[in-house]
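Student: I am new to this structure and would like a close look at one part. Could you walk me through the surroundings of the ligand?

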Amino acid sequence: MRSIVVAANWKMNKKASEVPAFFEEFCTRIQHHSVRPHMSLEVIFAVPAPLIEAAQRVMSDQYRDQMRKLGMSIAAQNLSEHEQGAYTGEVSASMLTDLQVRCSIIGHSERRQHYGETDHHVAQKTVRALEHKMHPIVCVGESLEHRENGQTESVIARQLEALFDVMPEWQRVTIAYEPVWAIGTGVSASVDQAQTVHGFIRDQIARRYDRAAGERTSIIYGGSVKPASIGGLICQKDIDGVLVGGASLQPSDFAAIVENTIQS
Ligand code: PGA
């Protein structure tokens, strides 16, 4: 059974002082919801690094019940490909696991675009995360230009290939399909566009490894996800959750996204 992953990406937003109010409202709204017995749900909050401890403290001190019921956890938005050393400003996988952080987004298009992360960096970061038994959520996706030139599949195949080349065996990696043109623009990919690419990604994993590897991998969609769009997405056979930016900043919106996922 594949996990359904609903992940919030707060990006560079909020301060530690805003964290308690966020979780109070979010947890109040979802307190009467529980997942169906056959559903394996993970609700992940990828918060800025300086907010990790505050978020963990609030969740485990006050909302332990919901945490367990909905599989809630705090994640990072990035980690270094290096183990330790003279890398000013970076955060290592071992620093994160030391704080009990078990998951990180890797290779978000904003990292690729603004910080020059290449497919090679993304692959190295993924290896580093896996070495530390973390759960990487690796982002792939095409630009508008690529899509318009009919290069969507070749770009995604190239991004996946870099990952496959450093992973002799497929491990637990969640793939987030995030078309760059849909991120923060309010223009979401259509359900059909998303399903087509998700099917392609699963197929690529199955071809490189085996069918079972493809079948057990959660592939989630990101790009202008809103409470109203989640129902259509989550019903698709190859869409196993969402990565949510803008709509994860409002506890009411993100709670609605989690509720709609549970009910769909
Ligand atoms: P968005 O961001 O939901 O604001 O489009 C998604 C993401 O960047 O992960």
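Tutor: Happily! Let us start with a term: a polar contact is a pair of N or O atoms within 3.5 Å; within protein, one must be able to donate a hydrogen and the other to accept it, and residues adjacent in sequence count only if both atoms are side-chain atoms. This is a predicted model, in which local features need pLDDT of at least 70 and side-chain atom pairs count only at pLDDT 80 or more, while totals for chains, interfaces and linings use all residues. Residues are numbered from 1 along each chain as its sequence is written, and side-chain values use heavy atoms, with hydrogens and water left out.

Now to the ligand itself. Lysine 11 places a polar side-chain atom 2.7 Å from one of the ligand's oxygen atoms. Histidine 108 also has a polar side-chain atom by a ligand oxygen, at 2.6 Å. With glycine 184 the backbone takes part: one of its polar backbone atoms is 2.6 Å from an oxygen atom of the ligand. The protein buries 96% of the 280 Å² that the ligand exposes when taken alone (accessible areas come from the Shrake-Rupley method with a 1.4 Å probe; for residues, only the protein chains shown count as cover).

Stepping back, 13 residues surround the ligand, and the closest are Lys11, His108, Glu178, Gly184 and Ser224 (a residue is near a molecule if one of its heavy atoms lies within 4 Å of it). Sorted by class, this shell holds seven polar, four nonpolar and two charged residues (Ala, Val, Leu, Ile, Met, Phe, Trp, Tyr, Cys and Pro count as nonpolar, Asp, Glu, Lys and Arg as charged, and the others, Gly among them, as polar).
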